[in-house]
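Got your viewer open? Let's take a walk through this protein, one selection at a time.

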Amino acid sequence: MRGISVEAPGFTPYAHGYHHEFALMKSNVWLENMLGLCFCSHCVAGAEKAGIEARRFKAEVAGDVAAYLDSDIDYPADMAEAFWRADVATNVDLRRYLDFRSGVVTSLIAEIRSAVRKDAEVAVIPSVARPTGGAWYEGSDLAAIADTAGIVEACFYEPSAMRVKADLFDIRRRLKGKGTLRGILRPSHPDLASKGEFLEAIAALGEGGVEDLAFYNWGHLRRANLAWIGDALRGTI
């Protein structure tokens, strides 16, 4: 075995962390990010050990969420984004809690790396977030992961080659030359739905120095879309 890939080792967010994310109300980024904070006994104990008043902070978050749910207000998307950013910027407890989560994830990856034989690769698929830069919410620090594991496998699950290229540019900026970057693509709806767009995305990743590629999900792709992969790897249109 050449190595292993560890997928999404961080704290799974609300919108991807349950079997059925079902609610008879509109959602928004502020609400989902508040609901996605984990306050299990292990997280609370670890945070308190790090000097964070986790129980008080848990009560504060619960109170904010309850007040919102008890109201008749639906935050518009742009306002919810601004409110979340404002909380991250001004709420010291929230920032410290998010930093604590990052330390937990990085230490987990370090434990995995030390347990795997030295000559085997450990690659990390850092996040369920799109774009990849959003991995920080889950505790996945891209530069720290590259430092610790050596390989980051980014999911370029975007609907256009230009968005893939933009995500690649941002990931490179965050990695600052650390580690090796691999790419994963979905050559189908809801991402790269045309052969031309898919081949253009492959070319953009290649030009950006991404040499190792993977494709998801083989069992769900139509035969025509599978053929695109062969054409891309052969360098033909």
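Here is a tour from the sheet, through some helices and the core, to a few odd spots in the loops.

**Before you click**

What you see is a predicted model, so local features need pLDDT of at least 70 and side-chain atom pairs count only at pLDDT 80 or more, while totals for chains, interfaces and linings use all residues. Residues are numbered from 1 along each chain as its sequence is written, and side-chain values use heavy atoms, with hydrogens and water left out. Helices (H or I, at least four residues) and strands (E, at least two) are DSSP runs, numbered from the N terminus.

**Stop 1: the sheet**

Show the strands. You should find an open sheet of five, in the order 1-2-3-4-5, with parallel pairing; two strands pair if DSSP finds at least two bridges between them. Which strands sit at the edges? Select strand 1 (3-7) and strand 5 (213-215): each pairs on one side only. Neighbouring strands are turned by 25 degrees against each other on average, direction ignored.

Now add helix 7 (residues 161-175), which packs on the sheet and touches strand 3 (150-155) and strand 4 (180-185). Its direction makes about 155 degrees with that of strand 4. For such angles, axes are lines fitted to C-alpha atoms, for helices over the stretch in contact, and the angles run from 0 to 180 degrees between N-to-C directions. Contact, or touching, means heavy atoms within 4.5 Å.

Go back to strand 1 and select strand 2 (residues 121-125) with it: they pair in the parallel sense over five bridges. Zoom in on Gly-3, and you will see Glu-121 of strand 2 opposite.

**Stop 2: helix 3**

Select residues 54-70. This is helix 3, with 17 residues; at 1.5 Å a residue it should span 24 Å, and its end C-alpha atoms are 24 Å apart, which agrees. (The expected span is 1.5 Å times one less than the number of residues.)

Which residues of helix 3 are buried? Colour Ala-54, Phe-57, Val-61, Val-65 and Tyr-68. Buried means under 20% relative accessible area, exposed over 50%, and partly exposed in between (1.4 Å probe, protein chains only). These residues cover an arc of only 65 degrees around the axis, which puts them on the same side of helix 3; the arc is that of the directions from the helix axis to the C-beta atoms. They pack against helix 1, helix 2 (41-49) and helix 5. Spin to the other side of helix 3, and Arg-55, Ala-59 and Asp-70 are exposed.

**Stop 3: helix 4**

Next, pick residues 77-90. Helix 4 has 14 residues and reaches 20 Å from first C-alpha to last, close to the 20 Å expected at 1.5 Å a residue. Ala-80, Trp-84 and Val-88 are buried here, and they share one side of helix 4 because their arc is only 75 degrees. Their cover includes helix 1 (29-35) and helix 5. On the other side, Asp-78, Arg-85, Ala-89 and Thr-90 are exposed.

**Stop 4: the core**

Time to look inside. A nonpolar core is a set of buried Ala, Val, Leu, Ile, Met, Phe, Trp, Tyr and Cys residues joined through side-chain atoms within 4.5 Å. The largest one has 57 residues, and Leu-37, Tyr-97, Phe-156, Leu-181, Leu-185 and Phe-198 touch the most other members. Helix 5 (residues 92-115) gives the most to this core, with six residues.

Centre on Tyr-97. Leaving out residues up to four places away in sequence, its contacts include Cys-38, Val-44, Ile-52 and Phe-57. Then find Ser-102, also in helix 5, which counts as buried at 16% relative accessibility.

**Stop 5: odd spots in the loops**

Most residues other than glycine have a negative phi, and most peptide bonds are trans. Where are the exceptions?

- Select Arg-130 and Pro-131: a cis peptide bond joins them, with omega about -5 degrees. Pro-131 is in the loop between strand 2 and helix 6.
- His-189 and Pro-190 are also joined by a cis peptide bond, with omega about 10 degrees. Pro-190 lies in the loop between strand 4 and helix 8 (195-207).
- Ala-8 has a positive phi of about 50 degrees and is partly exposed at 22% relative accessibility.
- Lys-176 has a positive phi near 50 degrees; at 68% relative accessibility, it counts as exposed.
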